[in-house]
Amino acid sequence: LLREAEDRAAIDEKLIEDRHIDLRDFPAVVGFWEDDLAVDRELTSVFVGVEATGECTGVSRLKGRLSIWQSNRSAATGGYEQRDFWPEQYPNVPYHFDPKDPAPDIRTRPWYRAAREAGHPVWTETYPFLGVAGVAPTQGLTHAAPIRGSDGALLGVVDVDFELGGLSRFRSTVSVGRSGFT
């Protein structure tokens, strides 16, 4: 199961580094990941943060369906604004947007910092995932991989998430001997 996250991040890294996907073209990135998460039910979410701007987008599985989370820098305030979308309404009609509730600069999140500082893919410790409107906060862990340009400069970090409830459900399906458990 965890190898899936490493494989997913490696594929995303390669697609972005080879310029098949522009990590700043959020609708293209979201379209690719939306198809991915529709097929791979074990993953909780996939995100990418942009080093140059601190903006972020990703696709998550929430309440049994996919949701898109996106943060962009506000021209008015200079801070970050978060919008949540259902796929069929992305990128035009968010189901949630509160300009008084700023999003973080994604470069400050634990998964982003860990991959940037290590310079290679890393697994985080468990931590609270950012909340989305109408969904209770959840704990999870992340596989995060830095994405570099052809000149070696950091372009951003791709993140593949598993919420702990999903990992626990998966573990309950794994048998160890006749009476053991994981």
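Helices (H or I, at least four residues) and strands (E, at least two) are taken here as DSSP runs, numbered from the N terminus. Residues are numbered from 1 along each chain as its sequence is written, and side-chain values use heavy atoms, with hydrogens and water left out. The model is predicted, and for that reason local features need pLDDT of at least 70 and side-chain atom pairs count only at pLDDT 80 or more, while totals for chains, interfaces and linings use all residues.

**Overall form**

The protein has 4 helices and 11 strands. Its radius of gyration, taken over C-alpha atoms, is 16 Å, close to the 16 Å that the globule rule (2.2 Å times the number of residues to the power 0.38) gives for 182 residues, so the protein is as compact as a globular protein of that length. Along the principal axes, the C-alpha atoms fill a box of roughly 60 × 40 × 25 Å. Of the 182 residues, 43% are buried, where buried means under 20% relative accessible area, exposed over 50%, and partly exposed in between (1.4 Å probe, protein chains only). The protein exposes about 9600 Å², of which carbon and sulfur atoms supply 52%; the areas come from the Shrake-Rupley method with a 1.4 Å probe, and for residues only the protein chains shown count as cover.

Contact means heavy atoms within 4.5 Å, and among contacts between residues at least 6 apart in sequence, 49% join residues at least 24 apart. The mean positions of the 20 positive and 28 negative charges are 3 Å apart. In that count Lys and Arg are positive and Asp and Glu negative, with His and the chain ends not counted, and the place of a charge is taken as NZ of Lys, CZ of Arg, CG of Asp or CD of Glu.

**Helices H1 and H2 and the loop after H2**

Ala 9 belongs to helix H1 (residues 2-17) and is buried, at 0% relative accessibility. Leaving aside neighbours within four places in sequence, Ala 9 is in contact with His 143, Ala 145, Val 158 and Val 160. Ala 38, by contrast, sits in helix H2 and is partly exposed, with a relative accessible area of 38%.

The loop between helix H2 (26-39) and strand S1 (45-50) holds Thr 44, which is buried at a relative accessible area of 12%. Beyond its neighbours within four places in sequence, Thr 44 is in contact with eight residues that can be listed as Leu 37, Val 59, Ser 60, Arg 61, Phe 129, Asp 161, Phe 162 and Glu 163.

**The region from strand S4 to strand S5**

Pro 91 is found in the loop between strand S4 (80-85) and S5, and the peptide bond that leads to Pro 91 from Tyr 90 is cis, with omega near 0°. Most peptide bonds are trans. A search of the whole structure finds 5 aromatic pairs, one of which joins Phe 85 and Tyr 90 edge-to-face, at 5.0 Å centre to centre and 85° between the planes. Rings of Phe, Tyr and Trp (its six-membered ring) pair if their centres lie within 6.5 Å, and planes under 30 degrees apart count as stacked, over 60 as edge-to-face and the rest as tilted. Both partners are buried, Phe 85 at 2% relative accessibility and Tyr 90 at 13%. Lys 100, in strand S5 (residues 96-103), counts as exposed at 76% relative accessibility.

**Thr 124 and C-alpha separations**

Thr 124 lies in the loop between strand S6 (122-123) and strand S7 (127-128) and is buried, with a relative accessible area of 12%. Its contacts, again without neighbours within four places in sequence, are Trp 111, Leu 141 and Thr 142. The table sets out separations in sequence and in space for four pairs, each taken between C-alpha atoms.

| Pair | Apart in sequence | C-alpha to C-alpha |
|---|---|---|
| Ala 38 and Arg 61 | 23 residues | 8.8 Å |
| Lys 100 and Glu 81 | 19 residues | 8.7 Å |
| Ala 9 and Pro 146 | 137 residues | 9.3 Å |
| Thr 124 and Tyr 95 | 29 residues | 30 Å |
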